Structures are given as C-alpha cells and as structure tokens.
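I opened a fresh page for this model. My plan is to look up charge pairs, metal sites and cysteines, and to note what turns up.

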Amino acid sequence: MHDLLRSLVEAYGPSGFEDALRDLIRPLVEPHADDISVDAMGNLLVHKSTAAAGALKVMIAAHIDEIGVMATHITEKGFLRFTNIGGVMPHTLLGNRVRFADGTIGVIGVDHSDDRGAIQPLSKHFIDVGATGREDCPVRVGDAAGFDRAFVARGNYLTAKSMDDRIGCYVAIEALRRLPADVPHDVTFVFSVQEEVGTRGAEAAANRILPDVGIALDVTRTGDVPEAKAMSVSLGDGPAIKVRDSGMIAHAGLVRLMRRRAEEAGIRYQMEVLDGGSTDARSMQVAGPGCAAGCISIPCRYVHSPSETVDSRDVEGCIQLLVALLSGSIDL
Ligand code: CO
Ligand code: ZN
C-alpha cells in the first residue's frame with residue numbers, strides 16, 4: 001500500500017498542472033479498463049463497460065489535483081510574490097516549502113510585522129527560491145507550485161501534503177483492481193482535474209458521461225482533535241457516508257443503499273454532515289439532466305495543511321464499500 005500511496009501523494013499536481021499524476025495513474029488502471037481516454041481539460045476517463053441490458057451509467061470521481069500557489073510577481077531581488085491555487089490557508093505558509101514543476105524548491109517567508117501574533121494575509125508572504133535577482137530566478141510569472149513534504153506512516157495514521165485527494169485516487173485504483181471483470185453497470189472512473197478551484201474537471205466529465213449515478217471519493221474533516229468544531233466524524237471509525245455538505249445534499253436513496261451495503265458486508269461506517277466545502281459530487285449532481293449523487297468520504301485531519309492525516313483502516317473500508325456498491329444491483 002505504502003509504495004503506491006507514497007508515489008501518489010508526493011507527486012506534483014496543483015490544479016491545472018496535473019500531467020504527472022495522469023502519467024502515474026494511467027498504466028496502473030489500463031489493465032482494468034475496456035477503454036481509457038483523456039479529455040480536453042485533462043480528466044482521465046477509465047471506462048468499464050457491461051453486457052447487461054439496461055445497465056445504469058455510474059461515474060466515480062476522485063480528483064488528481066492539489067492546492068498550491070502560483071507566482072504573480074518577481075521582485076528585483078529575486079523573491080516571488082504569489083497567489084493561491086485553491087483553499088490555501090495563510091497560517092500554514094511561513095516556513096513551508098513549495099516545489100515547482102522543474103523541481104525548484106522554494107521556502108516561504110513573510111514580511112516583517114510588529115504584531116508577531118497576527119496571521120498575515122497571503123499577499124504579505126513571499127517565496128525564496130535562492131535567486132539573487134530576476135535574471136537568475138528559475139521561476140517565471142504564472143509558474144505553479146505544490147507544497148513539498150514527504151509521506152510518513154505512523155502506525156495506522158498516514159500523513160502527507162496531498163491526501164486530499166490522492167487518497168481518493170488510491171481508493172479508486174484499488175477498487176478497479178478488485179472489481180470483478182463483469183460489473184453489472186456501465187462504470188466510468190474519472191480521475192478529475194481542477195477540483196480545488198471549483199470542481200471544474202468533474203463538471204466537464206459528467207456533462208460528457210451523463211451518469212445516472214455519481215459517486216465522489218474525497219476526504220472530509222473530522223471532529224476528533226482538541227477544540228475541534230463539532231463534527232461526528234472520527235479517524236478510525238470507517239468510511240464516512242456523506243449526507244450533506246455546503247454544495248450538495250446527497251441522494252437519499254443512494255445514502256440508504258450505501259448504508260445497507262456497508263451493513264451487509266460488515267464494514268464499519270459513519271455518517272457525515274459537513275458544514276463547509278464540497279466535492280466533485282456537487283458537479284455530477286447537477287450536470288446534464290441531473291443524477292443521483294453521493295460521496296464516500298475518507299476521514300482526514302488537518303485538511304489543506306502539509307500534514308493531512310488519514311487512517312489506513314478507513315481507507316480499506318472505503319475500498320470495500322465502493323467494491324460492494326459496484327458489484328451489486330443499484331436500486332435507489
Ligand atoms: Co481540498
Ligand atoms: Zn478534495
């Protein structure tokens with residue numbers, strides 16, 4: 001598990017710059033696909049067809065992009081000012097490191113302030129790539145970087161800078177490997193782009209596929225750390241079946257089916273009601289004529305920080321739940 005996961009979470013892929021992830025995932029899923037394609041936006045579509053008459057079209061989405069930064073200005077002394085790609089929180093920046101597509105590493109610093117307790121806005125931060133001026137700066141305006149942090153396993157806890165949503169990609173890859181050759185649905189696994197900037201890749205893919213059922217695989221917050229905002233999701237309590245988030249109310253019949261399949265298969269699960277944020281399920285739900293959408297969430301601490309943390313037992317539960325769902329009939 002760890003070798004594949006390490007390669008996924010350490011790869012470079014801020015929104016809009018997902019090529020390395022696509023190249024990494026494609027050969028892993030190709031043996032399990034009837035056909036495979038990449039659309040104009042860069043979504044990787046892995047299709048498993050079926051001979052079953054009247055089969056439902058099912059779309060599974062896991063996003064390959066991650067949050068990051070983009071250079072907006074290079075100072076005379078060779079420092080970069082930057083903007084965010086997705087939900088970057090200013091209090092995670094100082095001392096953090098970023099990596100550009102060519103491997104250039106940058107260290108994030110912050111302008112001096114007399115109020116050392118205050119969190120400075122993103123605009124007061126800069127990136128130091130070791131340049132002394134514009135001439136020897138290896139970065140151009142418009143270059144994007146992801147955060148740079150090694151994967152670490154601490155017992156059941158797995159920590160990395162991009163569990164959101166490479167752990168969803170891992171669940172999708174592993175489910176593809178385990179699914180029987182003939183699944184009674186017409187299933188397309190979409191490794192989607194640009195989720196972190198507004199679920200854009202999944203929107204295009206869903207408008208192409210026009211699924212009857214759409215299921216996102218993504219992380220969700222937990223309420224199990226000191227002084228956490230109240231939330232009934234904990235690490236280690238199993239896959240979280242999403243009921244709602246701020247972008248979507250999941251299809252009630254699909255939620256019921258997920259619960260039933262989990263119970264039949266003896267998979268420990270929890271129910272998720274998330275106050276903020278959303279997933280690719282939001283896009284799938286309202287694409288084309290609309291579809292029955294839901295989300296299997298992987299509980300994750302410290303989302304959008306360099307140390308996003310999941311529990312390997314929850315990950316296994318998510319894989320099992322997805323395989324159980326896709327292997328049986330889907331009656332909503
Ligand atoms: Co995210
Ligand atoms: Zn995500």
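**Entry 1: salt bridges**

I began with Arg-177 and Glu-174, whose side chains meet in a salt bridge at 3.3 Å, N to O. My criterion for a salt bridge is a side-chain nitrogen of Lys or Arg within 4 Å of a carboxyl oxygen of Asp or Glu. Both residues sit in helix α3, three residues apart, about one turn of the helix. Helices (H or I, at least four residues) and strands (E, at least two) are DSSP runs, numbered from the N terminus.

A note on the source: this is a predicted model, where local features need pLDDT of at least 70, side-chain atom pairs count only at pLDDT 80 or more, and totals for chains, interfaces and linings use all residues. Residues are numbered from 1 along each chain as its sequence is written, chains are lettered from A and ligands numbered from 1 in the order in which they are written, and side-chain values use heavy atoms, with hydrogens and water left out.

I then looked up burial. Buried means under 20% relative accessible area, exposed over 50%, and partly exposed in between (1.4 Å probe, protein chains only). Glu-174 is buried at 14%, while Arg-177 is partly exposed at 38%. I also found a network of salt bridges that links Glu-174, Arg-177, Arg-178 and Glu-316.

How many salt bridges does a search of the whole structure find? I got 18.

I checked two others. Arg-22 and Asp-19 form a salt bridge at 3.7 Å, N to O. They both lie in helix α2 (residues 19-29), three residues apart, about one turn of the helix. Arg-22 is buried at 14% relative accessibility, and Asp-19 is partly exposed at 45%.

Lys-229 pairs with Asp-275 in a salt bridge, with the closest N and O atoms 3.5 Å apart. Lys-229 is in the loop between β13 and β14 (240-245) and Asp-275 in the loop between β16 (270-273) and α6 (280-286), so this pair ties together parts 46 residues apart in sequence. Asp-275 is partly exposed, with a relative accessible area of 46%.

**Entry 2: the zinc ion**

I listed the protein donors of the zinc ion (ligand 2): His-63 through NE2, Asp-164 through OD, and Asp-218 through OD, entered twice, lying 1.9 to 2.6 Å from the ion. Donors are N, O and S atoms within 2.8 Å of the metal (3.2 Å for Na, K and Ca); water is not among the atoms, so sites may look incomplete.

Which geometry does the site have? The angles among the four donor atoms run from 53 to 150°, and the site is irregular. The rule I used: four donors are tetrahedral if all angles lie between 85 and 135 degrees; four are square planar and six octahedral if opposite donors are over 155 degrees apart and all others between 65 and 115; anything else is irregular.

Along the chain, the zinc donors follow the spacing H-x100-D-x53-D. His-63 lies in strand β3 (residues 57-63) and Asp-218 in strand β13 (residues 213-220), so the pair ties together parts 155 residues apart in sequence. His-63 is buried at 1%, and Asp-218 is buried at 4%.

**Entry 3: the cobalt ion**

Asp-164 (OD), Glu-196 (OE, entered twice) and His-304 (NE2) coordinate the cobalt ion (ligand 1), at 1.8 to 2.5 Å. The four donor atoms subtend angles of 55 to 143°, which makes this arrangement irregular. The donor residues are spaced D-x31-E-x107-H in sequence. Glu-196 counts as buried at 12% relative accessibility.

**Entry 4: the shared residue**

What separates the two ions, and which residue coordinates both? The cobalt ion and the zinc ion are 3.5 Å apart, and Asp-164 coordinates both.

I looked closer at Asp-164, which is in helix α3. Asp-164 is buried at 6% yet has no salt bridge; Arg-166, the nearest side chain of opposite charge, is 8.4 Å away. For charge, Lys and Arg count as positive and Asp and Glu as negative; His and the chain ends are not counted. Leaving out residues up to four places away in sequence, Asp-164 touches several residues, among them His-63, Glu-196, Asp-218 and His-304. Contact means heavy atoms within 4.5 Å.

**Entry 5: cysteines**

I searched the whole structure for disulfides (a pair of cysteine sulfur atoms within 2.5 Å) and found zero. The sulfur of Cys-300 is 11 Å from the closest cysteine sulfur, in Cys-318, too far for a bond. Cys-300 is buried at 1%, and Cys-137 is buried at 3%.
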